[in-house]
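I opened this notebook to keep a record of what I looked up, entry by entry. I begin with a single residue and work outward from there.

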Amino acid sequence: MFWRRKKDDEPQTETDAPDIDLDAPEPDEADFDLEPDTADARTAAETEAAAEADPEHLADLVARVEALPDPAAPASPPPEPEPEAPSHQLEPEGDLDAGLARTRGGFMSRLRGFLGGGPDEASWDDVEETLIGGDVGASLAMAVVERARRRRDPGGAEAAVRAELAALLVAREPDWSPRPSVAGGPAVILVVGVNGTGKTTTIGKMAARYSGEGRSVLLAAADTFRAAAIDQLRIWADRAKVPVVAHAPHADPGAVVYDALDAAVARGADLVIADTAGRLHTKSNLMDELSKIRRIIDKRLPGAEPETIFVLDATTGQNGLAQAKAFHESVGLTGIVLTKLDSTAKGGIVFAIEHDLGVPVRFVGVGEKVGDLLPFDPDAFVAALFA
Ligand code: GDP
């Protein structure tokens with residue numbers, strides 16, 4: 001399913017999506033260096049100004065929102081294929097033990113080798129080096145070893161290190177799931193992160209999970225910077241059997257999100273998951289765009305508190321962590337999804353992320369299949385590492 005706002009007087013084209021910008025003065029268009037929008041639609045600033053000056057226009061806008069196409073009705077023209085009804089069955093879930101096999105055979109196996117024999121001074125150094133090699137990070141590895149040594153754990157050095165590592169993970173409510181913060185509105189997840197980390201795959205997996213639980217999920221293709229991102233999201237939407245709201249490549253991502261929220265409210269959807277750009281020409285453009293999307297969500301669903309989830313590729317180690325910190329400082333992350341845990345022998349990055357950011361890992365990706373996204377349970381994770 002591919003939704004776009006309907007125009008009154010002419011057939012829909014890929015380029016006639018409305019822009020929605022909330023701030024005056026607007027950010028300099030040149031900052032975004034996007035292809036000029038050939039849309040005949042007026043700009044958001046003009047739209048808003050007109051709405052304020054002309055109550056009739058406001059009424060017209062409201063009417064247009066209310067006239068959004070009913071997904072159950074045939075679209076015209078051309079009719080879009082309906083998504084199949086959600087199966088309401090969970091995909092078979094991946095296996096954490098299998099997903100951690102490389103890490104267990106990699107740095108954890110070395111770590112346990114050093115811890116097993118009742119370490120003397122020299123092997124504590126080895127423990128520290130091994131933790132660093134496992135992507136725990138240098139200063140954190142030093143602190144863990146220092147505290148583990150002082151602990152004099154009756155269970156021995158391994159129990160001490162295990163307890164200190166576990167203590168780095170942030171407290172969280174068990175069985176977390178995204179909830180609406182506005183009565184009657186959908187829960188909203190903004191998925192952010194760098195291209196190639198597994199953002200689209202993760203959105204597809206989350207959509208399948210929540211749809212499989214019986215929630216009605218809608219995707220927003222707000223990474224309009226790359227045409228391929230929209231196509232990929234459609235493929236995942238088909239796979240997860242959920243509808244997607246998309247505009248043309250290079251359309252205003254804020255307008256996509258706005259329309260997705262409209263559509264979600266109109267059909268009483270439970271959850272909107274929005275893809276966002278993983279790269280613009282500069283980092284500040286990217287962060288500006290994310291902030292703008294946040295403002296648009298607040299405009300359409302005042303008081304909404306979207307989950308802002310950063311997708312971090314576990315194989316990128318400390319570099320990925322540096323990216324996560326930059327995003328956290330700019331847009332305030334509420335959760336992390338750590339992808340490709342199955343592809344790294346250095347799963348220690350989990351401890352570094354949670355400790356350094358104070359943000360919980362919500363899911364871990366342990367493969368490319370739709371079921372390979374597991375809710376992150378700190379106790380199960382530590383147990384699987386030391387199993
Ligand atoms: P995006 O550019 O961030 O949207 O990244 P994609 O979702 O297109 O994913 C990039 C590649 O990573 C694809 O080949 C995915 O199949 C792969 N990928 C995503 N998540 C995982 C995971 O948890 N494990 C493995 N092994 N591969 C993954």
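Entry on glutamate 305. This is a predicted model, and I first looked up how glutamate 305 is covered: I found 16 other C-beta atoms within 10 Å, and therefore recorded glutamate 305 as partly exposed. I then placed glutamate 305 in the chain, where it lies in the loop between H12 and strand E6 (307-313). I also checked its distance to alanine 187, and noted that the two are 118 residues apart in sequence but 8.3 Å apart in space, C-alpha to C-alpha.

Entry on the whole chain. I noted 15 helices and nine strands in the protein chain, and of its 387 residues 45% count as buried. Turning to contacts with a separation of 6 or more, I found that residues 24 or more positions apart account for 74% of them.

Entry on H11 and H12. Since the loop of glutamate 305 follows H12, I looked next at how H12 packs, and found that helix H11 (residues 253-267) and helix H12 (residues 283-300) meet at an angle of about 30°, with their axes 9 Å apart. Angles under 35 degrees count as roughly parallel, and I therefore entered H11 and H12 as roughly parallel to each other. The crossing of H11 past H12 is right-handed. On the H11 side I listed Pro253, Gly254, Val257, Tyr258 and Leu261, which meet Glu289, Lys292, Ile293, Ile296, Ile297 and Arg300 in H12. By class, I recorded seven nonpolar, one polar and three charged residues in this contact.

Entry on H13 and H14. For helix H13 (residues 317-331) and helix H14 (residues 349-357), I found axes that come within 10 Å and cross at roughly 25°, and I therefore entered this pair, too, as roughly parallel to each other. The crossing of H13 and H14 is right-handed. Gly317, Leu321, Ala324, Lys325 and His328 of H13 meet Ile349, Ala352, Ile353, Asp356 and Leu357 of H14, and by class I recorded six nonpolar, two polar and two charged residues there. I then checked how far H14 is covered, and noted that seven of its nine residues are buried, namely Ile349, Val350, Phe351, Ala352, Ile353, Glu354 and Leu357. Just after H14, I found glycine 358 with a positive phi of about 65°.

Entry on H7 and H8. Helix H7 (residues 138-151) and helix H8 (residues 157-166) pack at an angle of about 130°, with their axes 9 Å apart, and I therefore recorded H7 as oblique to H8. H7 passes H8 in a right-handed crossing. The contact is made by Val144, Arg147, Ala148 and Arg151 of H7, together with Ala157, Ala160, Val161, Glu164 and Leu165 of H8, and I divided its residues into six nonpolar, no polar and three charged.

Entry on the ligand. Finally I looked up what surrounds the ligand, and counted 18 residues, of which the closest are Gly198, Lys199, Thr200, Thr201 and Gly365. Helix H9 (residues 199-212) gives the most to this shell, with three residues. Sorted by class, I entered the shell around the ligand as one nonpolar, 12 polar and five charged residues.

Note on methods. Residues are numbered from 1 along each chain as its sequence is written. This is a predicted model: local features need pLDDT of at least 70, side-chain atom pairs count only at pLDDT 80 or more; totals for chains, interfaces and linings use all residues. Axes are lines fitted to C-alpha atoms, for helices over the stretch in contact, and angles run from 0 to 180 degrees between N-to-C directions. Helices (H or I, at least four residues) and strands (E, at least two) are DSSP runs, numbered from the N terminus. Angles under 35 degrees count as roughly parallel, over 145 as roughly antiparallel, 65 to 115 as roughly perpendicular and the rest as oblique. A crossing is left-handed if the near helix is turned anticlockwise from the far one by less than a right angle, and right-handed if clockwise. Two residues are in contact if their C-beta atoms, placed from the backbone, lie within 7 Å. Ala, Val, Leu, Ile, Met, Phe, Trp, Tyr, Cys and Pro count as nonpolar, Asp, Glu, Lys and Arg as charged, and the others, Gly among them, as polar. A residue is buried if 20 or more other C-beta atoms lie within 10 Å of its own, exposed if 12 or fewer, and partly exposed in between; C-beta atoms are placed from the backbone. A residue is near a molecule or strand if its C-beta atom, placed from the backbone, lies within 6 Å of it.
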